[in-house]
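Please look over the chain below before reading on. The report moves from one helix to the overall build, then to empty spaces and single residues.

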Amino acid sequence: MGYTLYIQHGERMFEPVVESDVQWETSRKGMPGKLTFKVVKDDILNFTEGDAVSFYDGEDIVFFGFVFSKSRNKDGAISVTAYDQLRYLKNKDTYVYENKTASEVVQMLAEDFSLKLGSIEDTKHKIETRVEDNQTLFDIIQNALDITLLSTKQMYVLYDNAGKLTLSNIESMKINVLIDENVAEDLDYKTSIDGETYNQIKLIYENKDAGKREIYISKDGENINKWGVLQYFEKINSDQGAKDKADGMLKLYNNKTRNLTIKEAVGYSKVRAGSMIMVSLKLGEIDANSWLIAEKVKHKYSEGLHTMDLDLVGGVLNA
């Protein structure tokens with residue numbers, strides 16, 4: 001059925017001639033969805049920054065966002081970068097809130113910044129109090145989701161679904177796609193303790209009422225002997241549940257990271273960052289035969305060909 005791209009400028013809708021590939025990229029946290037493409041300039045096409053862009057795979061909408069930058073080469077072709085609604089979560093602000101769930105935090109920020117909401121799943125866990133000073137909206141939301149993950153062991157993903165902010169439990173984002181040696185053109189498997197690996201968690205609470213500093217430490221002596229001390233440090237706003245938080249963070253981060261990158265797999269437009277995909281591959285030290293989380297996804301659409309690159313984590317990779 002092919003791929004179709006539209007640009008809306010005021011009351012006019014254009015279906016420009018697309019030159020070269022269309023690329024759609026998503027990340028599970030901290031980055032908006034991005035669509036990049038090149039169109040042929042003619043006497044009819046007229047658009048500018050802020051105009052709406054929609055991209056379809058057949059009848060299914062893949063991306064809805066807005067033009068943020070454009071550049072022109074000597075032949076007149078226009079290269080365009082469009083971002084989805086999550087781009088506005090790069091805005092910074094200061095918030096103090098009490099007794100809110102992560103879902104309610106998303107709804108609060110969406111209302112304040114006039115963002116369109118879709119389905120927002122109830123994260124249920126109430127965050128007692130939180131001070132977010134001069135933080136991006138991305139960080140404010142992610143901090144709430146991280147607190148929820150540590151407290152409930154439930155992971156949620158925020159994404160833009162065809163122009164509406166959506167929050168879903170990752171368990172509901174399983175896609176019926178199998179990645180094996182017959183699908184992946186190439187792969188890269190990397191292990192490391194140089195990223196988000198910590199074998200000692202140190203949390204400090206400044207108890208102004210008592211006039212003292214309270215310290216909470218959770219550590220793994222065995223891994224400290226193997227790797228040396230890899231410490232995570234944070235000043236916390238409340239001592240409520242501080243020991244449980246330290247223990248939960250140690251359990252989450254006291255592992256070497258394993259990253260699996262799949263290159264030029266057969267493309268499937270429903271796969272986006274946050275999707276869970278079944279992977280069956282032999283990786284040397286381990287065999288991956290489980291559901292893995294897509295941290296980053298890059299789709300490439302061209303004439304008669306659709307491929308995708310995937311950065312995967314989770315499952316056996318976290319063992």
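## Helix α1 and its packing

Two residues are in contact when heavy atoms lie within 4.5 Å. By that rule, in this predicted model, the buried residues of α1 pack against β8 (92-100), β9, α2, β11 and β12. Which residues of α1 are buried? They are A102, S103, V105, V106, M108, L109 and A110. The helix itself runs over residues 102-112. An α-helix has 3.6 residues a turn, so residues three or four places apart point the same way.

S114 follows α1. This residue sits in the loop between α1 and β9 (117-120). Its phi is near 55 degrees, a positive value in a residue other than glycine. Most residues other than glycine have a negative phi. Is S114 buried or exposed? S114 is exposed, because its relative accessible area is 67% and exposed means over 50%.

## The chain as a whole

The chain holds 4 helices and 21 strands. Its C-alpha trace spans about 70 × 50 × 35 Å along the principal axes. Of its 319 residues, 45% count as buried. Take the contacts between residues at least 6 apart in sequence: 65% of them join residues at least 24 apart.

The exposed area of the chain is about 16,900 Å². Carbon and sulfur atoms supply 43% of that area. As for charge, there are 40 positive and 51 negative side chains. The centres of the two sets lie 4 Å apart.

## Pocket and cavities

Rolling a probe the size of a water molecule over the atoms shows where empty space is left. The second largest pocket holds about 430 Å³ of space. Two elements give two or more residues to its lining: β6 (60-72) and β11 (156-161). The largest share comes from β6, with 3 residues. In total, 17 residues line this pocket. Nearest its centre lie I61, N161, S269, K270 and R272.

How many cavities of 30 Å³ or more does a search of the whole structure find? The search finds 3. The largest cavity has a volume of about 110 Å³. Its lining counts 13 residues, and R28, K29, G30, Q142 and L158 are the closest to its centre. Helix α2 (137-152) and strand β11 each supply at least two lining residues. The most come from α2, which gives 4.

## A162, a second positive phi

A162 is in the loop between β11 and β12 (164-169). Its phi is near 55 degrees, which is positive in a residue other than glycine. How accessible is A162? A162 counts as partly exposed, because its relative accessibility is 35%.

The two elements that flank the loop of A162 are β11 and β12. Both are among the elements against which the buried residues of α1 pack. Strand β11 also contributes to the lining of the second largest pocket and to that of the largest cavity.

## Three residues and their distances

D75 lies in the loop between β6 and β7 (78-83). With 68% relative accessibility, D75 counts as exposed. How far is D75 from K263, C-alpha to C-alpha? The separation is 32 Å, for two residues 188 apart along the chain.

V131 belongs to strand β10 (residues 127-136). V131 counts as partly exposed, at 43% relative accessibility. Not counting residues up to four places away in sequence, V131 touches Y95, V96 and N237. Its C-alpha atom is 25 Å from that of N169, which is 38 residues away along the chain.

M278 is part of strand β19 (residues 276-282). At 22% relative accessibility, M278 is partly exposed; the limit for buried is under 20%. Which residues does M278 contact, leaving aside its neighbours within four places in sequence? They are V177, L178, I179, N289, S290 and W291. Take L178 from that list. M278 and L178 are 100 residues apart in sequence, yet their C-alpha atoms are 5.0 Å apart in space.

Technical notes:
Residues are numbered from 1 along each chain as its sequence is written. This is a predicted model: local features need pLDDT of at least 70, side-chain atom pairs count only at pLDDT 80 or more; totals for chains, interfaces and linings use all residues. Side-chain values use heavy atoms; hydrogens and water are left out. Buried means under 20% relative accessible area, exposed over 50%, partly exposed in between (1.4 Å probe, protein chains only). Accessible areas come from the Shrake-Rupley method with a 1.4 Å probe; for residues, only the protein chains shown count as cover. Lys and Arg count as positive and Asp and Glu as negative; His and the chain ends are not counted. The place of a charge is taken as NZ of Lys, CZ of Arg, CG of Asp or CD of Glu. On a 1 Å grid over the protein atoms alone, a cavity is a set of points where a 1.4 Å probe fits but cannot get out, and a pocket is an open set with protein on both sides within 12 Å along at least five of seven lines; lining residues have an atom within 4 Å of a point. Grid points are joined across faces, edges and corners, and a volume is the space filled by probe spheres set on the points.
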